[in-house]
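Student: Could you take me through one part of this model slowly, and then show me what else is worth a look? I would like a connected account that I can follow with the structure open beside me.

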Amino acid sequence: MSKLIIEGGKRLCGKIEVQGAKNSALPILAATLLTGDSSVIHNCPNLSDVNITLNILRYMGCEVKKDGATVYVDSKCADKYDIPDELMHAMRSSIIFLGPMISRFGRARLTFPGGCELGPRPIDLHIMALRLLGVEISEKHGVLECSVPDGLHGAKISLSFPSVGATENIILAACMAKGTTIITNAAREPEIVDLADCLNAFGARITGAGEGVVIIDGVERLSGTMHTIIPDRIAAASYMAAVAATGGRVLLDHVIPSHLGSIIPVFEESGCTVSQRGNAILLDAPTRLHAVSFLRTMPYPGFPTDAQPPIMAMLATARGTGIFVENIFESRYKHVCALERMGAKIHLEGKVAVVEGVPELYAAKVAAPDLRGGAALVVAGLRASGVTEITGVNFIERGYEDIELVLSELGASIKKI
Ligand code: UD1
């Protein structure tokens with residue numbers, strides 16, 4: 001089992017090239033199944049979740065090659081319409097294959113993804129929407145059996161919550177359905193726009209992605225092409241938090257500043273200077289940050305739930321008290337316990353966390369509770385005095401490419417053993 005060993009207290013300075021977005025890579029790689037053709041996907045991050053996605057494609061019969069950040073997928077020979085339990089359990093997001101499998105094979109069989117480390121993550125919205133598109137779905141002993149007796153057809157689908165995964169699954173299933181699908185209250189995340197851009201390059205006819213109403217006119221067929229994945233806004237926010245926690249300075253290259261529209265003001269309120277230069281952001285942090293009075297997670301364009309843990313760790317040593325409200329996931333405060341062991345003062349009450357800034361954090365042996373909670377502990381470890389040991393590195397590696405190398409380049413004393 002690997003560990004990250006961090007000797008905190010070093011001011012981080014330098015330049016980072018931000019990795020490709022994990023949350024774009026997963027649906028886009030699943031989309032290659034729709035083409036029955038060769039696709040080339042650039043700027044694919046090297047992450048365990050991406051590798052699981054590639055293994056699912058291989059299991060289905062696709063030819064997959066990886067060359068650095070470029071992935072080649074030929075889905076011509078794909079013929080399996082199930083996902084084995086171990087791959088389904090390795091990554092909850094494998095539910096994103098449901099739409100493409102149904103569209104390509106007219107059927108799909110997979111294990112119900114069930115709960116996960118962020119609390120219960122139901123898929124009722126995915127199922128409701130796919131039924132409206134003509135999919136028959138039954139669930140027995142945790143296995144979902146899906147078939148499309150009369151083919152997929154367009155439908156009007158209104159989501160009660162703008163779920164990212166459900167919006168993606170609908171788009172993926174509806175691309176080659178007969179007729180027009182209209183999604184209202186669709187998720188508006190940049191990763192949805194990236195998926196739609198990729199599918200449109202494959203020949204789909206999708207408009208409105210990134211807005212509340214997405215319209216998909218079904219086409220006969222899609223064909224493979226080339227696509228470049230957008231930069232990862234959550235990785236960018238996490239590295240900004242790491243640098244700001246140490247009073248450092250960083251130039252983040254390969255970012256789309258507008259994707260960080262709700263994140264940059266949080267850094268500014270905490271006393272950092274943030275300037276934008278084309279596709280780069282320069283962040284300059286004071287020695288000690290101010291508390292951010294109120295931070296509430298919301299669907300995009302609101303403040304992202306995925307950035308909440310690292311930003312909370314950053315603000316644990318701010319001057320003053322701030323309030324967090326977590327509106328997206330039930331169990332998204334699992335990092336709090338470990339932060340408290342490191343000296344943070346955080347009071348939890350349901351969705352609300354009150355963070356009373358302390359002057360210092362102290363090193364401890366802690367375990368990453370989940371992906372973004374793990375990033376929070378890295379941020380805390382970089383700020384803390386002494387040597388912090390973080391286990392559960394496998395969670396962190398689901399979302400951050402070579403995190404120890406990226407941070408070492410900035411002057412951190414961090415190694416993986
Ligand atoms: C995606 C992201 C994840 C991010 C989340 C919210 C990927 C691979 N993952 O996850 O990093 O934290 O968006 O921005 O892109 N819900 C239902 N029923 C459903 C679907 C969702 O009740 O059928 C609820 C969930 O329990 C949760 C909320 O909706 O409370 C948001 O979930 P959703 O937007 O679907 O997140 P994911 O797509 O799972």
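Tutor: Happy to; we will look closely at one strand and its partners, then visit a helix, the ligand and a pocket.

Please keep in mind that this is a predicted model. Let's begin with strand 5, which covers residues 70–74. Is this strand mostly covered or mostly open? It is mostly covered, with four of its five residues buried.

Now see what pairs with strand 5. Strand 4, residues 63–67, is joined to strand 5 by five bridges, and the two run antiparallel. Strand 3, residues 38–42, also runs antiparallel to strand 5, and here four bridges make the connection. A good residue to click on is Tyr72 in strand 5: Lys65 has Tyr72 as its bridge partner, and Val40 stands opposite Tyr72 as well. So that you can place these two partners, Lys65 falls within strand 4 (residues 63–67), while Val40 falls within strand 3 (residues 38–42).

Next, follow the chain between strand 4 and strand 5. They form a hairpin with two residues between the strands. Gly68 in this hairpin takes a positive phi near 60°.

From a mostly covered strand, we can turn to a helix. Helix 10 spans residues 308–315, and eight of its eight residues are buried, so this helix is largely enclosed by the rest of the structure. Its buried residues include Pro309, Pro310, Met312 and Met314. "Buried" here means under 20% relative accessible area.

The ligand comes next. There are 19 residues around the ligand, and those that come nearest are Asp124, Leu125, Ser163, Asp306 and Ile328. Asp124 has a polar side-chain atom 2.7 Å from a nitrogen atom of the ligand. In the side chain of Ser163, an N or O atom is 2.6 Å from an oxygen atom of the ligand. Gly165 uses its backbone instead: a polar backbone atom there is 2.8 Å from a ligand oxygen atom.

Finally, have a look at the second largest pocket, which has a volume of about 200 Å³. Strand 2 (13–17), helix 8 (233–245) and helix 14 (403–409) each give two or more residues to its lining. Among the lining residues are Lys15, Glu17, Tyr239, Leu405 and Glu409. By character, the lining of this pocket divides into six nonpolar, one polar and five charged residues.

How values were computed
Residues are numbered from 1 along each chain as its sequence is written. This is a predicted model: local features need pLDDT of at least 70, side-chain atom pairs count only at pLDDT 80 or more; totals for chains, interfaces and linings use all residues. Side-chain values use heavy atoms; hydrogens and water are left out. Buried means under 20% relative accessible area, exposed over 50%, partly exposed in between (1.4 Å probe, protein chains only). Two strands pair if DSSP finds at least two bridges between them. On a 1 Å grid over the protein atoms alone, a cavity is a set of points where a 1.4 Å probe fits but cannot get out, and a pocket is an open set with protein on both sides within 12 Å along at least five of seven lines; lining residues have an atom within 4 Å of a point. Grid points are joined across faces, edges and corners, and a volume is the space filled by probe spheres set on the points. Ala, Val, Leu, Ile, Met, Phe, Trp, Tyr, Cys and Pro count as nonpolar, Asp, Glu, Lys and Arg as charged, and the others, Gly among them, as polar. A residue is near a molecule or strand if one of its heavy atoms lies within 4 Å of it. A polar contact is a pair of N or O atoms within 3.5 Å; within protein, one must be able to donate a hydrogen and the other to accept it, and residues adjacent in sequence count only if both atoms are side-chain atoms.
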